[in-house]
Amino acid sequence: TRKESSAASDVYKRQVLKKISGAKKPRIVVTYPQAVFEKIISQQTLKRITFKVIKNTTLSLSFINESLFEMNFERVDFVTSPGEFAVRGGIIDVFSFAYQHPYRIEFFDDTVERLCSFDVETQRSISSFDSIELLPDTSNNDFTDKRKTILDFFPTQSSFIFFNFDKTTDRLQTLYDKAIETFSNLQATTQYPPEILFVNKEEWIRDSK
């Protein structure tokens, strides 16, 4: 469905941001206009809102439960989509926006005994981890810091290679003009204006240099 496709796209985007943010070696990112149209939060904010869970550490199940609510995760019976979590006895299943599969956190009293990812359909474990990172949906949160283009998110020593830069720039401006039109027709006053959320032509050209 369109909702599932959008959720999957958001997960991949947040996953890329996390890998860029914590990269210790060069990485190559291939993308397209629609994917870079939305502005992103800063690395400092991304780090601040990420909840890290480490194996064999003391951490109560109730604390994680409360923290997930504060991060706007939805509690459900069984997780199927990013932004959901479920609690069963001494186990928490949580679908982070920073990973393509949900995580399973198993406790022994107040100790994190096991961390793994699992398949939604079969419930079988996929991979085990020494630590995991839980990231909320950054597009639906009110962050006070200024958002930026994805080009400005990369380290200063990064190199950019464009295929038809002018066409990409024109496409971004078309998307931006459409966002302006849509915003002007909205009745709600809580929606952020396009200049906060999206990249316009001038910003794209400036950050590509």
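This briefing describes the fold of the protein, from its overall make-up to its sheet, helices, cores and selected residues.

The model is predicted. The protein has 209 residues, of which 41% count as buried, and it contains 8 helices and 8 strands. Among the contacts with a separation of 6 or more, 58% are accounted for by residues 24 or more positions apart. About 13000 Å² of the protein is exposed, and carbon and sulfur atoms supply 50% of that area.

**The open sheet and its edges**

- Six strands form an open sheet with mixed pairing, in the order E2-E3-E4-E5-E6-E7.
- Because E2 and E7 stand at the edges with a single partner strand each, one side of each is left without a neighbour in the sheet.
- At the E2 edge, the pairing with E3 is parallel and runs over 2 bridges, with Glu 74 standing opposite Glu 84 in E3.
- At the E7 edge, strand E7 (residues 125-128) runs antiparallel to E6 and is joined to that strand by 3 bridges; Cys 116 has Ser 128 in E7 as its bridge partner.
- The hairpin of E6 and E7 has 6 residues between the strands, and within this hairpin Gln 123 takes a positive phi near 65°.

**The pairing of E1 and E8**

- E1 and E8 run antiparallel and are joined by 4 bridges, and Val 53 stands opposite Ile 132 in E8.
- The side chains along E1 alternate, so that Phe 51 and Val 53 point to one face and are buried, whereas Lys 52 and Ile 54 point to the other face and are not buried.

**Helix H4 and what covers it**

- Helix H4 spans residues 61-70, and its buried residues are Leu 61, Ile 64, Asn 65, Ser 67 and Leu 68.
- Seen down the axis of H4, these buried residues fall within an arc of 165°, and they therefore line one face of the helix.
- An α-helix has 3.6 residues a turn, so residues three or four places apart point the same way.
- The cover over the buried residues of H4 includes strands E1 (51-54), E2 (74-75), E3 (84-88), E4 (91-94), E5 (103-108) and E8 (131-134).
- Just after H4, Asn 72 takes a positive phi of about 65°.

**The nonpolar cores**

- The largest nonpolar core has 20 residues, and those with the most contacts inside it are Phe 37, Leu 46, Phe 153 and Trp 204.
- At least two residues of this core come from each of helix H1 (2-21), helix H5 (150-153) and helix H6 (165-184), and H6 gives the largest share, with 4 residues.
- Beyond its neighbours within four places in sequence, Phe 37 is in contact with Leu 172, Leu 175, Tyr 176, Ala 179, Leu 197, Phe 198 and Val 199.
- Another core, of 19 residues, lies apart from the largest one and has Val 53, Phe 85, Ile 132 and Leu 134 among its members.

**Buried polar residues in E5 and E6**

- Arg 104 lies in strand E5 and counts as buried because its relative accessibility is 8%, under the 20% limit.
- The side chain of Arg 104 makes a polar contact of 2.7 Å with the side chain of Asp 93.
- Not counting residues up to four places away in sequence, Arg 104 touches Arg 88, Ile 91, Ile 92, Asp 93, Arg 114, Leu 115, Cys 116, Phe 118 and Gln 123.
- Ser 117 lies in strand E6 (residues 111-118) and, with a relative accessibility of 0%, counts as buried.
- Leaving aside its neighbours within four places in sequence, the contacts of Ser 117 are Tyr 99, His 101, Pro 102, Tyr 103, Arg 124, Ser 125, Ile 126, Ser 127 and Phe 129.

**Phe 160 in the loop between H5 and H6**

- Phe 160 lies in the loop between H5 and H6, and its relative accessibility of 30% makes it count as partly exposed.
- Although Phe 160 and Lys 209 are 49 residues apart along the chain, their C-alpha atoms are separated by 9.0 Å.
- Apart from its neighbours within four places in sequence, Phe 160 is in contact with Leu 151, Phe 154, Asp 207 and Ser 208.

Terms used
Residues numbered from 1 in each chain as written. Predicted model: local features only at pLDDT ≥ 70, side-chain atom pairs only at ≥ 80, totals over all residues. Heavy atoms only, no water. Buried < 20%, exposed > 50% of the residue type's maximum accessible area, 1.4 Å probe, protein only. Contact = heavy atoms within 4.5 Å. Areas by Shrake-Rupley, 256 points an atom, 1.4 Å probe, with all protein chains shown as cover. Arc of directions from axis to C-beta. Core = buried A, V, L, I, M, F, W, Y, C linked by side-chain atoms within 4.5 Å. Pairing = 2+ DSSP bridges. Polar contact = N/O pair within 3.5 Å; in protein donor to acceptor, adjacent residues only side chain to side chain.
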